[in-house]
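Me: I would like to learn how to read a few features of a protein model, going from one to the next. Could you take me through them slowly?

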Amino acid sequence: MNSADAVSHLRERLRWRLAPAVPVPRRADGSLHEAAQESYARWMASQPVAGVAVWVHTGRGLLLPPAMRRAVLHSWRAALGPSRVVIAGAGALPDAAGYTGAAVRMAEEAAALGADALLCFPPVRFREDPAQVVAHHRALASVGLPLVLFYLYEAAGGVSYSPDTLRELFALPGVAAIKMATLDSVMTYQDVAALLQAEFPDTLLISGEDRFLGYSMQCGAQAALIGMGAALPAAQAALAGRLPSTHPAAFLRLGSAVDRFARATFRAPMEGYIRRMLWALCDTGVIPEEAAFDPDGPALADWEREDVRRETARFAAVEA
């Protein structure tokens, strides 16, 4: 399959579907809980998802030891088989030596392990240099996998791309889609959605907006790639697959349920969402409590554990 065909194929595999960004089940000492990881991957393979995104922020991709990173991608590729999409994060820590080269090596490793596409971590080192931002993405495209660009709000380690920079990025060969995760900047989301609709209608707009998933779909997203989908994905997948204009009652019902779950799991401290999603996986019996640790995240209050347990039970009762 040539590059253009691979880009088109990826778009069709993701359109109107959900791809969860998955966390890594880990013990309190930070080690991979292998049995929980295998159980999680098998369970997700039974869910109505297009595939998963690994090595991204939810999976602490830039912070995982290389051997653990490889084990995680291998587990997901084996569990999901060829019919599902595995998107792998590709980037580098801000202080990495040979910054773009390190990102390319991560991308090459993902390709060698069977990833179908790359989600490009925003190149924060080049925040003030649009030309370097474009060159960084061009280098990632040279690996040969379709690219999903990532517009992430700056407080979470993202880059605020200007419209001109976005135009250059969308024009790069191999760019299939952009994931938008602006958190509370609805205007930014609307502006980028409008730019795509007007100038790059073939580029897939993917919602990464856990806190306003339904509205982001109304604004033009045709797929969802969210950390919230890591647990209880059925209702979220149903929301991503329903146009509000053709299924208004179901869209509103599902949107309200998803929003309530989001308020319990995506809240300050925002970095705590990864452990909250692991808790939700425990509460639905997918992984054991001993595998629900995020060593790189903040400490969370006891009341949050109970809140997640209560809202998980409520969300689990929602019919997709």
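Me: Which residue stands opposite Val148 in β4?

Reply: Please keep in mind throughout that this is a predicted model. As a general idea, strands of a sheet pair through backbone hydrogen bonds, either parallel or antiparallel. Here the residue that stands opposite Val148 in β4 is Leu119. Strand β3, residues 117-120, and strand β4, residues 147-152, pair in the parallel sense over 2 bridges.

Me: What is the order of the strands in the open sheet, and which strands stand at the edges?

Reply: The open sheet has 7 strands with parallel pairing, and their order is β1-β2-β3-β4-β5-β6-β7. The edges are taken by β1 (51-54) and β7 (223-224), each of which has a single partner strand, so one side of each is left without a neighbour in the sheet.

Me: Which helix lies across β1 and β2, and at what angle to β2 does it run?

Reply: That is helix α3 (residues 66-80), which lies across β1 and β2 (85-90) and runs at about 165° to β2.

Me: How should I read the backbone in the loops, and what is the phi of Arg60?

Reply: The general idea is that most residues other than glycine have a negative phi, and most peptide bonds are trans. Arg60, in the loop between β1 and α3, has a positive phi of about 50° although it is not a glycine. A cis peptide bond joins Ala268 and Pro269, with omega at about -10°, and Pro269 is found in the loop between α10 and α11.

Me: At what angle do α10 and α11 pack, and which residues meet there?

Reply: Helix α10 (residues 248-265) and helix α11 (residues 273-283) pack at an angle of about 120°, and their axes are 9 Å apart; the two helices are therefore oblique to each other. On the α10 side Phe261, Ala264 and Thr265 take part, meeting Tyr273, Arg276, Met277 and Ala280 of α11. By class, the residues of this contact divide into 5 nonpolar, 1 polar and 1 charged.

Me: How many cavities of 30 Å³ or more does a search of the whole structure find, and which residues line the largest cavity?

Reply: The search finds 1 cavity of 30 Å³ or more, and the volume of the largest cavity is about 40 Å³. Its lining consists of Pro23, Val24, Arg26, Thr58, Gly59, Arg60, Ile274, Phe293 and Asp294, which by class gives 4 nonpolar, 2 polar and 3 charged residues. Arg60, with its positive phi, is thus one of the lining residues.

Terms used. Residues are numbered from 1 along each chain as its sequence is written. This is a predicted model: local features need pLDDT of at least 70, side-chain atom pairs count only at pLDDT 80 or more; totals for chains, interfaces and linings use all residues. Side-chain values use heavy atoms; hydrogens and water are left out. On a 1 Å grid over the protein atoms alone, a cavity is a set of points where a 1.4 Å probe fits but cannot get out, and a pocket is an open set with protein on both sides within 12 Å along at least five of seven lines; lining residues have an atom within 4 Å of a point. Grid points are joined across faces, edges and corners, and a volume is the space filled by probe spheres set on the points. Ala, Val, Leu, Ile, Met, Phe, Trp, Tyr, Cys and Pro count as nonpolar, Asp, Glu, Lys and Arg as charged, and the others, Gly among them, as polar. Axes are lines fitted to C-alpha atoms, for helices over the stretch in contact, and angles run from 0 to 180 degrees between N-to-C directions. Helices (H or I, at least four residues) and strands (E, at least two) are DSSP runs, numbered from the N terminus. Angles under 35 degrees count as roughly parallel, over 145 as roughly antiparallel, 65 to 115 as roughly perpendicular and the rest as oblique. Contact means heavy atoms within 4.5 Å. Two strands pair if DSSP finds at least two bridges between them.
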